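Colleague: I'm new to this one, and I'd like to learn how the labels are earned. Could you take me through the reasoning?

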Amino acid sequence: MVRVFLVLFLLILPARAFALAGDWSEDKVVSARLISGVEAVGEDAVVPLGLEINLAKGWHTYWRSPGQAGLPPHLDWSQSFSTENNLRSADLLFPAPRRSFVFGLETVGYSDRVVFPIDAVLREPGKPLKARVIADLLLCQSICVPAHFDLALSVPAGSPSAGAEASLLKRAREQLPVSSHDSGILLKKAATDGRSLFLTVSSRERIHSPDVFIENDKDIGFSAPEVEIDPSGFNAVLTVRPVDFLPDGVSLDSLPLTVTLLNAGHATEFKNPVVAVLPPPPPFVPERPSYGLLLIVALLGGFILNLMPCVLPVLSLKIVGAVSHGGGDVRNVRLSFLATAAGIVFSFCILALATIVFKELGMTLGWGMQFQQPSFLILLVILLTFFAANLWGLYEISLPGFLADKLEGAYSSKLAGDFVTGAFATLLATPCSAPFLGTAVGFALAAGSLEIFSVFTVLGIGMALPYFVVALFPKSATLLPKPGRWMVVLRASMG
């Protein structure tokens, strides 16, 4: 009696699907296994399998076209192709991928967890399947490491009822690219102007977070799309550009393409769309600023050079010189600052002439090129060291007696020194990149001789502006305290 009740109890238990899956093969950052969507092979020629991969946080693997870096999965089924194992072929299918950026490189693939559906074709339908595959994956985070797995799965003969992994494989297959008819997304037009691809699409549902991946037989990569969605939300234009050079004789309209379009996470695939050829866009001609505006920019750029660290050594000398005018003659102050301003403007004119000559000789020029020469830098370091030592009072250079007597009372020697100070300030200013300076110099170097000379001259006038102002109002210098012991401290500080 007990046996009867036990049999009846077992008969009324609900049928339960058991998981048909291979053992997990684990690495430090990834685990993988083969799974089956059915508990037995049934009588069909194709058995739905899957490759399940779990990745550690922050790691990813790649799609069939990985982008600018990476490798797609490689599966070797050769050990399963015997009559005993009953496998004729196996097709690895790729769900919709995601775009990511690693070290500035654009890659396409998967993170966290991914299931790759596999269509396993049997040699003899109805007979058991013994699948074994060698799977090689490339896994990347901040570094990339290869992963190698030896996976196996046996599917017995019998009724092909859905297994516990059937829902997992169903979700993965729902992520596979489908036809335009099934997705409701239409590629209305594909066109190129020779430099970009323009894809015009429409959808039965609203277009949301679209993306597109372009594959071809030349391994030419394409950028992420620029997307323009019309106000209705059902039409869009996606613009993509090659990130690699096209081989000789290959154009975008002749390149066989496979276009995979993603909309709200679902993929639609278009094979070999006809690409129309648009007229090439007109060449880009940057708007040329007015000549008068460039001269104003040059004036500002030259003036701001006075605030740059490059000019500080000469400004130190000039401050010490200005202090010496405290309580002095207004005329001498004016002449001193005019001489310094003249030295600056004259030096910029010399730079302009040298630039014109070198440009006519076909040489490549740039602002402050002399500061790329080690010998010039060594000479300048030595010269500035002597300047500082002089300000610290470590040495003085005295004129010969007969020359000092001859120049006693003459102001011309002082003006010559002021002129040289201006020239030296110009020399030290040339490595500085002051605001507006690059615009003015770049314009000058790309223009003709007249523009070069005028822009450099106005740069010099801009840098000399403070000296012109003091020359115009010389009493501003004579209002300083008269020379005294406090100047020794100032000289040392300037040094």
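Colleague: What makes cysteine 140 and cysteine 144 a disulfide?

Modeller: This is a predicted model, and the sulfur atoms of cysteine 140 and cysteine 144 lie 1.9 Å apart in it. The cut-off is within 2.5 Å, so the pair counts as a disulfide. By this rule the count comes to one disulfide. As for the chemistry, a disulfide is a covalent bond between the sulfur atoms of two cysteines.

Colleague: Why is the disulfide of cysteine 140 and cysteine 144 called right-handed?

Modeller: That comes from the torsion about its S-S bond, which is about 115°, so the disulfide is right-handed.

Colleague: Is cysteine 140 buried or exposed, and how do you know?

Modeller: Cysteine 140 has 1% relative accessibility. Buried means under 20%, so cysteine 140 counts as buried.

Colleague: And what makes cysteine 144 partly exposed?

Modeller: Its relative accessibility is 47%. Partly exposed covers values between 20% and 50%, so cysteine 144 belongs there.

Colleague: How do you know which class cysteine 349 and leucine 353 fall into?

Modeller: The reasoning goes the same way. Cysteine 349 has 16% relative accessibility, so it counts as buried. Leucine 353, which sits in helix H6 (residues 330-360), has 44% and therefore counts as partly exposed. While you are looking at leucine 353, find isoleucine 452 too: the two are 99 residues apart along the chain, yet their C-alpha atoms are separated by 8.4 Å.

Colleague: Now the sheets. Which strands of the five-stranded open sheet are called edge strands, and why?

Modeller: The order in that sheet is E1-E2-E3-E9-E6, with antiparallel pairing. Strand E1 (25-26) and strand E6 (87-92) are the edges, as each pairs on one side only.

Colleague: How do you know that strand E3 and strand E9 pair?

Modeller: Strand E3 (residues 46-55) and strand E9 (residues 113-122) share nine bridges. Pairing needs at least two, so they qualify. One place to look is leucine 51, whose bridge partner in E9 is phenylalanine 116. Helix H2 (residues 166-174) lies across E2, E3 and E9, and it runs at about 95° to E9.

Colleague: What makes E17 and E18 a pair in the three-stranded sheet?

Modeller: That open sheet has the order E14-E17-E18 and antiparallel pairing. Its edge strands are E14 (211-216) and E18 (266-271), and neighbouring strands are turned by 20° against each other on average, direction ignored. Six bridges join strand E17 (residues 257-263) to E18; at least two are needed, so the two strands pair. Within that pair, leucine 261 stands opposite threonine 268.

Colleague: Which residues have the most contacts inside the largest nonpolar core, and what makes them members?

Modeller: They are Leu49, Leu51, Ile53, Trp77, Ile118 and Leu129, in a core of 42 residues. Members must be buried and joined through side-chain atoms within 4.5 Å, so these residues meet both conditions. Strand E10 (129-140) is among the strands that supply at least two residues, and E10 gives the most, with six.

Colleague: Which residues are in contact with isoleucine 118?

Modeller: Leaving aside neighbours within four places in sequence, its contacts include Leu34, Leu49, Leu51, Trp77, Leu92 and Arg173. There is also a second, separate core of 29 residues, with Val333, Phe337, Phe348 and Ala352 among them.

Conventions: Residues are numbered from 1 along each chain as its sequence is written. This is a predicted model: local features need pLDDT of at least 70, side-chain atom pairs count only at pLDDT 80 or more; totals for chains, interfaces and linings use all residues. Side-chain values use heavy atoms; hydrogens and water are left out. Helices (H or I, at least four residues) and strands (E, at least two) are DSSP runs, numbered from the N terminus. Contact means heavy atoms within 4.5 Å. Axes are lines fitted to C-alpha atoms, for helices over the stretch in contact, and angles run from 0 to 180 degrees between N-to-C directions. Buried means under 20% relative accessible area, exposed over 50%, partly exposed in between (1.4 Å probe, protein chains only).
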